[in-house]
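Reader: Could you take me through one part of this model in some detail? I'd like the core and the strand that feeds it, with the cut-offs spelled out as you go.

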Amino acid sequence: MPRWHCASSGLGLDLSREQLAEQPARLVLEHGSALVMPFGDGAVDKCYSVEAAQHFEDRTAFATEARRVLRPGGKLCAAPFFATDESAPGDGIDYAVPIEAFRAGLHEVGFADVRVESIGDRVRQGFDTWVSQTQCKGSWGRNWLKANRAGLADYFLVTASVSRVTSRK
Ligand SMILES: C[S@@+](CC[C@H](N)C(=O)[O-])C[C@H]1O[C@@H](n2cnc3c(N)ncnc32)[C@H](O)[C@@H]1O
């Protein structure tokens, strides 16, 4: 994997004002959509998406926007959960979007060096423990551990780069 650096500052977006209120104070936060980012072309060095891409209603729009706002040489890092393949059932685990569709979408909009790493083994127990302590403890979220153990869904670390010399698609 490439080396990634923690940002000491940044600007975060979320559709939910409640979620924004819970985020770290060192981030500047705005109410907005990751599908229509309020940044100019090439204005962003690094784009991080944590625990969110599986909820986006249009992942191609997200990929297109991330590609647009990142500068040449910029990096995307996303940590979503997705279905492991096309055969996963479409109910019980939120959106059963196959990881391959997300990976292919990033490649399609012009990202280079798209890499996908399974990290479910490292996060699944902690994720389930967290869900069990929230108001979602009786929801689909508790199915995630079972779905991961059955090989239906997984957490992924997805990284991609914008080439230093590129032609926009
Ligand atoms: C599981 S929460 C994770 C929130 C935060 N990233 C974190 O790790 O604590 C998923 C978030 O995705 C947000 N979301 C869904 N669609 C979005 C979109 N199009 N643009 C921005 N945020 C979106 C939801 O509002 C929700 O807060």
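Author: Here's a walk through the core, one strand and one helix. Quick housekeeping: residues are numbered from 1 along each chain as its sequence is written. This is a predicted model, so local features need pLDDT of at least 70, side-chain atom pairs count only at pLDDT 80 or more, and totals for chains, interfaces and linings use all residues.

The largest nonpolar core has 29 residues. A nonpolar core here is a set of buried Ala, Val, Leu, Ile, Met, Phe, Trp, Tyr and Cys residues joined through C-beta atoms within 7 Å. Buried means 20 or more other C-beta atoms within 10 Å of the residue's own, exposed means 12 or fewer, and partly exposed is in between, with C-beta atoms placed from the backbone. Ala66, Leu70, Leu76, Phe82 and Phe102 have the most contacts inside this core. Among the elements that each supply at least two of its residues are strand 3 (44-50), strand 4 (70-79) and helix 5 (143-149). Helices (H or I, at least four residues) and strands (E, at least two) are DSSP runs, numbered from the N terminus.

Strand 7 gives the most to this core, with five residues. Seven of the nine residues of strand 7 are buried, so the rest of the structure largely encloses it.

Now for its partners, where two strands pair if DSSP finds at least two bridges between them. Strand 4 pairs with strand 7 in the antiparallel sense over four bridges, and Leu76 sits opposite Ala160 in strand 7. Strand 5 also pairs with strand 7 in the antiparallel sense, over three bridges; there, Phe82 faces Asp154 in strand 7. Strand 6 runs antiparallel to strand 7 too, joined by five bridges, and Ser118 has Phe156 in strand 7 as its bridge partner.

Back to Leu70: apart from neighbours within four places in sequence, Leu70 is in contact with Gly42, Val44, Cys47, Leu76 and Val162. Contact means that the C-beta atoms, placed from the backbone, lie within 7 Å.

That leaves the helix. In helix 3 (residues 99-108), the buried residues are Ile99, Phe102 and Leu106. Viewed down the axis of helix 3, its buried residues fall within an arc of 65 degrees, so they line one face of the helix; the arc is that of the directions from the helix axis to the C-beta atoms. Their cover includes helix 2 (59-69), strand 5 (81-83), strand 6 (112-118) and strand 7 (153-161). After helix 3 comes Gly110, with a positive phi near 110 degrees.

Conventions: Contact = placed C-beta atoms within 7 Å.
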